[in-house]
Amino acid sequence: MSSYYFNVGSKFQINENEYLVRRDLGLDYEVENMNYKKIELRRKEDLLKLWSEGQLLFRINPEDEKFIRVQNLDDLDSDKKEKALERFKVLKPVIEGEILPSEIKDYLQEVGVKKSTFYDWKKRWDRTGDLRSLISFKRGPKAARLNGSLLKIVKEVIEEFLYSDGKTTIEDMYSEITLRIEEENINLGEADKLSYVSRSTIRRCKERIIDIYKLDKEKYGAVLAKLKREGTKEEVVVQRPLQRVEIDWTPVDVMLIDPIDLKPKRPTLIYAIDKYSGYPMGFFVTFKPIDSKALKQCLIHLIMPKAYLKELYPLVENDWEAHGIPHTIVVDNASVNDSYEFEDACYQVGVKEVQFCKIDAGYQKGTVERAFRRLNSLYIHNLKGTTFSNFIEKGRYDSAKNACITMQGFIYISHIAMVDIVSNTFDSRRGDSPHNIWTRGIEENKRLKMQLPRSIESLKILLAGGSELRKVQQQGVVIENEYYTSSDLMDLRYALEKLKKHDEKVRVRFDLSDMRVVHVYDPINNNYIIAKATSFVRKNINTALPVPYVALELDSKAKVNTKKSFDPTARAKAKRKIKTIQEEDEKKTKKWMKGKEIEENIDSEFITAGVLNTQTNIPFPISDDQVIILEEEKNTNAEQTKQDQSSIGSNYTNHSYMEFEDTEIDDLPNWGVTLKNKKEG
């Protein structure tokens, strides 16, 4: 990422107004409002705050903008990303002055890069200083199409040339590989002949195969090769702030209350410190294992101005002025750092070099090692729930029982300690306080002043530790049971539906320290969309302060625990009951459908509307039907009635009934039904 400054002549935009910096007045800048042709004075502190809030954007040169067509390397496929890194490795010796202008021609012949191609890459880098400008958008093969025999030839030649005496070039390897392919094809049929390999394919294979230590051992000997790989134990001397920033992490000697399960746990502190001044640059605290995401969160805090300090942490008395893009970052050579993800992130924000120290080689980053010891002695070992440095100091002190500090409280305490104690206390080793040394160093190096990425949004897109793939639903995108939406996001959803890609997942990036907004990648327009949370108020989450990711985890876990409290078998039991009733009804219904009248098959088990359950079990007329009594069939009907009632009685022995032949018509109950004698009819 290119670096931007509030120097004379630079342009920036606030809301819809564009400004030009005219003069540096110390605490203020004299700027010209380009929209209204008006001269204004702007406080430097206010400008930093506006940048932190995302309201200030530096003006980017349209000529430079065409070279940077993506906002994050992770949005590209691995082949394009790898090519950009290869180009940077070719440029790096020239950029850092290791290769003089007079030596460039021989150097390009050695690495197998055309002169015109090299200067095109260098032009992009000189204009932007951004790794993303080296990305190629031209179509090319996604991978080297090498079969077994061809791949074997390429590997054998590269290894022979790499580890042999003397100096070899890509052209030497290309010539030998071509010759061996021709020799192999002599004995092969036309359909089985091996294809030739390009120089660029050989160069990529070389970068994957090469063992630098083995190569240096053959060239310089074991002692010099080991020294080159492991470095020296002498202290590195720096001349200015931000020249070298050391980052390390360690479990903190105190037990904090984890808000997710309310149990005491030891957090891990990632700490960044400026080598020149000893000034704390930034930190990040987490209960989770350290990975590249956590390191990138620390990198955000390191680079950004601490303009939030007085608003969020009013008990901090002094200012925290440390911010900016370091030239070199030094980290442990642990597996988490030895991934390309963190290194790529550093290069994208403008860091020129990332150095990986040997594991357990504390002398290579002694500044941050000493800084940890100082933090422990200054305030951590004085907190309730401290674990102390060793078991002798701890004695019988129960750290877990005495733990009472939350994550939010520890972060507040750390701000007070790092700003009011560490930064503004006399350092006998340096002869002054880190704050004063930093201030003088910045004044002596004007170009370092106010060095920032173009916008806070672009910084968070590059470095935010949170990254998930989500579908754009009608309510938006969901992270930890929280929906985020905006009008632009709904426009994206509609556009995806038109392209029949409504099931396609999009990348969502978010700052683990502030979840009030997320950034959603728009694959159609190749940019990011801001989406805001929709239900923080309903969840009683205070949005006046940054909402950490752990707060959403707590709310999500509470819902999961409530869900687990319900009996998971209740639904299955209800379904079984429904199925049983359905099967019984199905049996009855099949009997009804055999061609007989429904009235002839209905029994008292299925008393529905129109059947009255009385002592006599007499069917209840549904409407004003006429009941006709036929005298000549009276005996027959009476006998049939007895048979029907006897069958009913066998099923329901507790039910009483009366004989129809013993019942006079006048004794029957009257339900508004007209009884008519057939003779009268």
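## Notebook: sheet, helices and two single residues

I started with a hairpin: strand β3 (residues 28-33) and strand β4 (residues 38-43) run antiparallel and are joined by 6 bridges. Worth jotting down at once: I am looking at a predicted model.

I picked out one pair in this ladder, and Glu 30 has Leu 41 of β4 as its bridge partner. Then I checked the turn. The hairpin of β3 and β4 has 4 residues between the strands, and Lys 37 takes a positive phi there, near 55°.

**The rest of the sheet**

Next I followed the neighbours. Strand β1 (residues 11-14) pairs with strand β2 (residues 17-24) through 4 bridges, in the antiparallel sense. Here I noted Lys 11, whose bridge partner in β2 is Leu 20.

In what order do the 5 strands of the open sheet come? I read it off as β4-β3-β2-β1-β5, with antiparallel pairing. The edges are β4 and β5 (56-58), and each has a single partner strand, so one side of each has no neighbour in the sheet. From one strand to the next I get an average twist of 35°.

I also looked for what covers these strands. Helix α1 (residues 44-52) lies across β1, β2, β3, β4 and β5, and it runs at about 85° to β4.

**α6 against α7**

On to a helix pair. Two packed helices are described by the angle between their axes and the distance between the axes, and I looked up both. Helix α6 (residues 148-162) and helix α7 (residues 170-185) pack at about 140°, and their axes are 10 Å apart. Oblique is the word for α6 and α7, because angles over 145 degrees would be needed for roughly antiparallel. Their crossing is right-handed.

Which residues of α6 and α7 make the contact? On the α6 side I listed Leu 150, Ile 153, Val 154, Glu 156, Val 157, Ile 158, Glu 160, Phe 161 and Leu 162. On the α7 side I have Asp 172, Met 173, Glu 176, Ile 177, Arg 180 and Ile 181. Sorted by kind, the contact of α6 with α7 has 10 nonpolar residues, 5 charged and no polar.

**α8, and a residue of α3**

I then went to helix α8 (residues 199-209), where the buried residues are Thr 201, Ile 202, Arg 203, Arg 204, Cys 205 and Lys 206. What do the buried residues of α8 pack against? I found α3 (78-95), α4 (104-111), α6 and α7.

That sent me to Glu 86, which lies in helix α3. Is Glu 86 buried or exposed? Its relative accessibility is 17%, so I wrote it down as buried. Glu 86 and Arg 204 are 118 residues apart along the chain, yet I get 8.2 Å between their C-alpha atoms.

**Ala 400**

Another single residue: Ala 400 sits in helix α16 (residues 399-402). With 39% relative accessibility, Ala 400 counts as partly exposed. Beyond its neighbours within four places in sequence, I find Ala 400 in contact with Met 255 and Pro 264. Leu 256 is 144 residues from Ala 400 in sequence, but C-alpha to C-alpha I get 8.5 Å.

**α19**

Last entry. How many of the 8 residues of helix α19 (residues 456-463) are buried? I count 7, so I call the helix mostly covered. They are Ile 456, Ser 458, Leu 459, Lys 460, Ile 461, Leu 462 and Leu 463.

Definitions and conventions:
Residues numbered from 1 in each chain as written. Predicted model: local features only at pLDDT ≥ 70, side-chain atom pairs only at ≥ 80, totals over all residues. Heavy atoms only, no water. Buried < 20%, exposed > 50% of the residue type's maximum accessible area, 1.4 Å probe, protein only. Helix = DSSP H or I, 4+ residues; strand = E, 2+ residues; numbered from the N terminus. Axes fitted to C-alpha atoms, helices over the stretch in contact; angles between N-to-C directions. Parallel < 35°, antiparallel > 145°, perpendicular 65-115°, else oblique. Left-handed = near helix turned anticlockwise from the far one by under 90°. Contact = heavy atoms within 4.5 Å. Nonpolar A, V, L, I, M, F, W, Y, C, P; charged D, E, K, R; others polar. Pairing = 2+ DSSP bridges.
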